[in-house]
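This report looks at how two protein chains sit against each other and at what lies inside them. Please view the structure before reading on.

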Amino acid sequence: MNAFSMYAARESGLHSLHPLTKILMTLLLVAAGLALPGNWTGYFIVVFIIFPLAFWGRVFLNLLSTTWKVSLPFAISVILIQSFFWGEGTPIFEIGVLSPKWEGAMFAAVSMGKIILVMSGFLLFSMTTRPDTLMITLKQAGVPSSIAYIIVTTLQIVPSFQRKALTILDAQRSRGLETEGNLYVRARAFIPIILPLVLGSLMEVEERAIAIESRGFNSGKKETSLIEIPDTPLQKVIRRVILFGIFAFIVFGVLWRL
Amino acid sequence: MAFVILKDLAYQYPSSTGLVLENISLQIQEGEFVSIIGPNGAGKSTLCYALAGFVPHFFKGEISGEVEVDGRKSSESTLDEWALNVGLAFQNPFNQISGAKYTVFEEIAFGLENIGVPRDEMKKRVEDAMSLTGISDLADRSPYSLSGGQQQRVALTSILVMRPRLLVLDEPTSQMDPVGTREVFGVVRKMAEEGMTVVMVEHKVEWIANFADRVIALKDGQILIEGKPNEVLTSDLLIENGFGISRYTSAAREARKRGLWKKEKLPVTLDEAVEGFKS
């Protein structure tokens with residue numbers, strides 16, 4: 001429904017959970033993945049906890065493809081850098097000075113597990129949480145409204161940026177800019193696309209500031225909210241438990257590494 | 001005493017070299033519907049920003065003279081206080097969408113949430129405002145899925161719902177079709193009749209002639225001419241200064257040269273033209 005947000009409108013148990021419960025759940029999984037020993041813990045949590053959760057939230061394919069698209073460039077660069085710049089180890093091959101090492105590639109794969117965990121966790125959260133309910137939740141939790149606004153609008157900025165970039169791309173193409181061909185042609189096309197995108201976004205920020213100011217954003221009055229976010233006593237208890245869990249994982253993670 | 005008073009207003013943006021507004025003195029009565037016309041770069045938007053307090057509070061820059069609304073001076077007020085009395089909607093509707101709301105209904109309620117209106121009253125006010133501007137059927141749509149004209153209506157409604165005493169509109173119909181434009185002018189006229197003071201920048205002179213109480217023509221940051229719509233919009237001064245005039249005015253001017261237009265006053269609207277050519 002909303003082309004400018006990652007949110008995927010579905011009817012599911014996960015969608016109907018209170019946003020705070022979901023944030024804490026995400027943080028718990030991330031904390032667990034980073035604190036628990038074992039090289040493959042991150043992957044394990046992604047496959048055996050996040051993926052089933054995504055099934056429950058009916059966004060599994062969505063999550064899989066987005067996580068794949070976002071982490072692939074990361075993975076490639078991390079693996080290249082780690083393997084080529086690894087000091088001593090077993091070479092994968094050797095061509096002159098170039099000799100990537102197995103150990104480096106391995107290390108990169110292990111690090112990627114953590115990155116993928118964090119990414120898929122937060123993607124799952126934003127796919128199953130309406131941005132506006134998140135904003136209300138944050139404000140109720142005592143986050144200042146300007147910070148809450150920034151967090152929520154930032155979550156939506158990626159799709160909005162993509163759409164704008166495509167519009168600019170089309171506009172420049174229709175004026176004869178070559179965007180396809182070899183690396184040089186593509187690189188040259190980069191500036192006429194990125195410049196309007198960045199400048200346009202800066203102007204947009206100014207106008208948006210004016211628009212929300214006109215609508216009493218800084219009025220200093222006690223805010224109210226149009227929609228009520230359903231919460232249950234059970235979830236309140238669960239949140240306490242999760243909070244304790246996060247704390248426990250952090251303590252465990254620190255002690256275990258001492 | 002006038003509701004809006006501008007006294008010798010002059011203003012320069014921090015980054016610009018010349019004055020953007022110069023010697024602007026103006027009085028607007030409560031409930032008056034004033035329309036501002038002028039070519040690009042005449043200072044129309046800057047004047048809107050000055051009325052809404054963004055000049056100088058937001059844009060900084062150098063200002064002299066006074067902006068006074070309802071007996072209070074903009075220079076002695078903060079932007080946040082000012083915004084409670086003066087509402088501004090501008091041209092680009094896309095950037096007026098808060099980006100934090102999922103449906104049009106919630107988007108319009110955003111301002112009311114900010115000023116702490118209780119939930120039941122909020123719903124009522126949003127529903128009323130939406131039916132006033134004729135967008136009730138858009139309530140459950142995403143604000144981003146709308147057309148430009150629809151978004152402009154949402155932006156206008158989002159400000160109307162705040163019930164400002166002074167409503168400042170900077171080209172609010174630029175992306176609308178004729179039907180939408182007429183409806184917006186109708187709504188604005190109605191608000192003015194209910195006591196809201198309206199300042200509206202517009203290019204569509206036929207609609208201005210039909211609906212506004214007064215027209216102010218700006219050029220190079222100064223008031224070129226002001227007065228009743230029919231007088232201002234048919235004045236030779238506008239043509240000499242390169243303003244766009246109504247096609248009916250142009251036609252009647254040509255007709256007058258050939259002795260086909262007998263009346264002294266030139267028409268701005270279709271009705272006036274029809275009537276004039278009949279006689």
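The text below covers the interface, one helix and the nonpolar cores of a predicted model.

**The interface**

Chain B uses 44 residues to contact 36 residues of chain A. The size of an interface is often given as the accessible area lost when the parts come together. Here chain B and chain A bury about 3,700 Å² between them, and 57% of that is on carbon and sulfur atoms. On the chain B side, the most area is lost by Tyr102(B), Asn114(B) and Arg119(B), which together account for 20% of what that side buries.

The interface also has charged and polar links. The rule finds three salt bridges between chain B and chain A. One of them joins Arg119(B) to Glu228(A), with the closest N and O atoms 3.1 Å apart. Residue pairs in polar contact across the interface, with both residues at pLDDT 80 or more, number 14.

Four helices of chain B each supply at least two residues of the side that touches chain A. They are listed here.

| Helix of chain B | Residues |
|---|---|
| H3 | 79–85 |
| H4 | 104–114 |
| H5 | 119–132 |
| H6 | 148–160 |

H4(B) gives the largest share of that side, 10 residues. By type, the residues of chain B that touch chain A are 25 nonpolar, 10 polar and nine charged.

**Helix H4 of chain B**

How many of the 11 residues of H4(B) are buried? The count is 11 of the 11, so H4(B) is largely enclosed by the rest of the structure. Among the buried residues are Phe105(B), Ile108(B), Phe110(B) and Leu112(B), and also Glu106(B), Glu107(B) and Glu113(B). The buried residues of H4(B) pack against parts of both chains: H6 (131–140), H7 (145–155) and H9 (183–214) of chain A, and H5 and H6 of chain B. Just after H4(B), Gly116(B) has a positive phi of about 75 degrees.

**The nonpolar cores**

In soluble globular proteins, nonpolar side chains tend to be buried together. The largest nonpolar core in this model has 38 residues, and those touching the most other members are Leu47(B), Tyr49(B), Phe54(B), Phe59(B), Leu88(B) and Leu166(B). Helix H1 of chain B, residues 44–51, gives the most to this core, with five residues.

Leaving aside residues up to four places away in sequence, Phe54(B) touches Ile210(A), Glu213(A) and Ser214(A) in chain A, and Tyr49(B), Phe59(B), Leu79(B) and Leu88(B) in chain B. Apart from the largest core lies another of 31 residues, including Ala89(B), Leu156(B), Val184(B) and Phe211(B).

How values were computed:
Residues are numbered from 1 along each chain as its sequence is written. Chains are lettered from A and ligands numbered from 1 in the order in which they are written. This is a predicted model: local features need pLDDT of at least 70, side-chain atom pairs count only at pLDDT 80 or more; totals for chains, interfaces and linings use all residues. Side-chain values use heavy atoms; hydrogens and water are left out. Contact means heavy atoms within 4.5 Å. Buried area is the accessible area (1.4 Å probe) that two parts lose on being put together, summed over both. A salt bridge is a side-chain nitrogen of Lys or Arg within 4 Å of a carboxyl oxygen of Asp or Glu. A polar contact is a pair of N or O atoms within 3.5 Å; within protein, one must be able to donate a hydrogen and the other to accept it, and residues adjacent in sequence count only if both atoms are side-chain atoms. Ala, Val, Leu, Ile, Met, Phe, Trp, Tyr, Cys and Pro count as nonpolar, Asp, Glu, Lys and Arg as charged, and the others, Gly among them, as polar. A nonpolar core is a set of buried Ala, Val, Leu, Ile, Met, Phe, Trp, Tyr and Cys residues joined through side-chain atoms within 4.5 Å. Buried means under 20% relative accessible area, exposed over 50%, partly exposed in between (1.4 Å probe, protein chains only).
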